[in-house]
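Me: Could you walk me through this model and tell me why its features get the labels they do? I would like each label set against its rule.

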Amino acid sequence: MNKPIVKLFTAPFMFPCGPNSECCGPVGQSEEEIKGLKEGLEQALNVNVEVITLTDGKMMREYRDILKVFHSFGWNAVPIIAINGEVVSMGESDIGQLIETLKEKFVTTGSGSL
């Protein structure tokens, strides 16, 4: 049986207004945070997690609906998690909360066994 695939849309950690700017702070996720989210979800939920960077134009052509979410909600939407093309989480980086959210989603939709 194939494991369900969870798509994790992230943005690289950066300071869009410069590191010492007072208008906004850092946005996106560090490589360590992305790795932790991916591994944590895979281990806890027995799924495969595909990490997709929102700034990868070629890849994002396939995910225009996700881009619309990002453009509508901005940096607060990241990370975005989708299952079967449906956004199930936005802006949540706490691994415990994400696991609970995805467990509920798998149980209510029957998208896979956990």
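**Surface, fold and labels**

Reply: Gladly! The protein chain exposes about 6,900 Å², and carbon and sulfur atoms supply 49% of that area; such areas come from the Shrake-Rupley method with a 1.4 Å probe, and for residues only the protein chains shown count as cover. This is a predicted model, where local features need pLDDT of at least 70, side-chain atom pairs count only at pLDDT 80 or more, and totals for chains, interfaces and linings use all residues. Residues are numbered from 1 along each chain as its sequence is written, and side-chain values use heavy atoms, with hydrogens and water left out.

Me: What makes up the fold, counted in helices and strands?

Reply: The protein chain has 4 helices and 4 strands, in the order β-α-β-α-α-β-β-α from the N terminus on. Both are DSSP runs numbered from the N terminus: helices are H or I with at least four residues, strands are E with at least two.

Me: Why is Phe9 called buried or exposed?

Reply: Buried means under 20% relative accessible area, exposed over 50%, and partly exposed in between (1.4 Å probe, protein chains only). Phe9 has a relative accessible area of 1%, so Phe9 is buried. Across the protein chain, buried residues make up 32% of the 114 residues.

Me: How do you know how many aromatic pairs there are?

Reply: Rings of Phe, Tyr and Trp (its six-membered ring) pair if their centres lie within 6.5 Å; planes under 30 degrees apart count as stacked, over 60 as edge-to-face and the rest as tilted. By this rule the count is 2 aromatic pairs. Phe9 and Tyr63 form an edge-to-face pair, at 5.1 Å centre to centre with 70° between the planes. Phe9 is in strand E1 (residues 5–10) and Tyr63 in the loop between helix H2 (57–60) and helix H3 (64–73), so the pair ties together parts 54 residues apart in sequence. Tyr63 is buried too, with a relative accessible area of 15%. Phe70 and Trp75 also pair edge-to-face, with 5.2 Å between centres and 80° between the planes.

Me: Why do Phe70 and Trp75 get the labels they have?

Reply: Phe70 has a relative accessible area of 16%, so Phe70 is buried. Trp75, at 30% relative accessibility, counts as partly exposed.

Me: What makes Lys105 count as buried, and which side chain does the Lys105 side chain contact?

Reply: Lys105, found in helix H4 (residues 95–109), counts as buried because its relative accessibility is 18%. Its side chain makes a polar contact with the side chain of Glu86 at 2.8 Å. A polar contact is a pair of N or O atoms within 3.5 Å; within protein, one must be able to donate a hydrogen and the other to accept it, and residues adjacent in sequence count only if both atoms are side-chain atoms.
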